[in-house]
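Trainee: I'm new to this one and would like to zoom in on a single part. Could you walk me through how two neighbouring helices sit against each other, and then what surrounds them?

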Amino acid sequence: MSVAIEPQRPWVYPLEGDDWQSIATRVFPDRPVEEAVADLQSWNLYLVFRPAPAMMTCSDIVFTGPPAA
């Protein structure tokens with residue numbers, strides 16, 4: 001028996017060299033970049049508060065939607 005699990009929240013893996021602005025531009029092309037970055041950061045606090053100088057890696061999961069209510 002094979003069961004497909006639906007993701008609860010949309011997400012992406014960062015591409016090599018991605019930052020908040022490049023992800024926001026790619027995922028939300030029709031939104032102002034500053035607004036999209038603010039939303040992404042509020043949904044991914046574990047990445048925002050990562051100790052400096054750590055950056056996003058290609059194995060991080062970046063949520064592109066809010067948590068379920």
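Mentor: Let's start with α1 and α2, keeping in mind that this is a predicted model. Helix α1 covers residues 20–27 and helix α2 covers residues 33–43, and their axes cross at roughly 105 degrees. Crossing angles from 65 to 115 degrees count as roughly perpendicular, so that's the word for how α1 and α2 lie to each other. Their axes come within 9 Å.

Now, which residues make the contact? On the α1 side look for W20, Q21, I23, A24 and T25, and on the α2 side for V33, A36, V37, L40 and Q41. Sort the residues of that contact by character and you get seven nonpolar, three polar and no charged.

Keep your eye on L40, because it leads us to another spot: L40 of α2 takes part in the helix contact, and L40 is also among the residues in contact with T64, leaving aside T64's neighbours within four places in sequence. You'll find T64 in the segment after β2, the strand at 62–63. The other contacts of T64 on that list are P10, W11, V12, V27, F28 and W43. Is T64 buried or exposed? Its relative accessibility is 11%, and under 20% means buried, so T64 counts as buried.

Charged side chains are worth a look too. Side chains of opposite charge can pair when their charged atoms come close. The count here is four salt bridges. R31 takes part in one with E35, at 3.0 Å from N to O, and in another with D39, at 2.4 Å from N to O. That gives you a network of salt bridges linking R31, E35 and D39. How open are these three? R31 is partly exposed at 24% relative accessibility, D39 is partly exposed at 25%, and E35 is partly exposed too, with a relative accessible area of 42%.

One more pair to find: R50 and D60 form a salt bridge, with the closest N and O atoms 2.9 Å apart. Both R50 and D60 sit in the loop between α3 (45–48) and β2, ten residues apart. Here the two partners fall in separate classes: R50 is partly exposed, with a relative accessible area of 25%, whereas D60 is buried, at 9%.

Note on methods:
Residues numbered from 1 in each chain as written. Predicted model: local features only at pLDDT ≥ 70, side-chain atom pairs only at ≥ 80, totals over all residues. Heavy atoms only, no water. Axes fitted to C-alpha atoms, helices over the stretch in contact; angles between N-to-C directions. Helix = DSSP H or I, 4+ residues; strand = E, 2+ residues; numbered from the N terminus. Parallel < 35°, antiparallel > 145°, perpendicular 65-115°, else oblique. Contact = heavy atoms within 4.5 Å. Nonpolar A, V, L, I, M, F, W, Y, C, P; charged D, E, K, R; others polar. Buried < 20%, exposed > 50% of the residue type's maximum accessible area, 1.4 Å probe, protein only. Salt bridge = Lys/Arg side-chain N within 4 Å of Asp/Glu carboxyl O.
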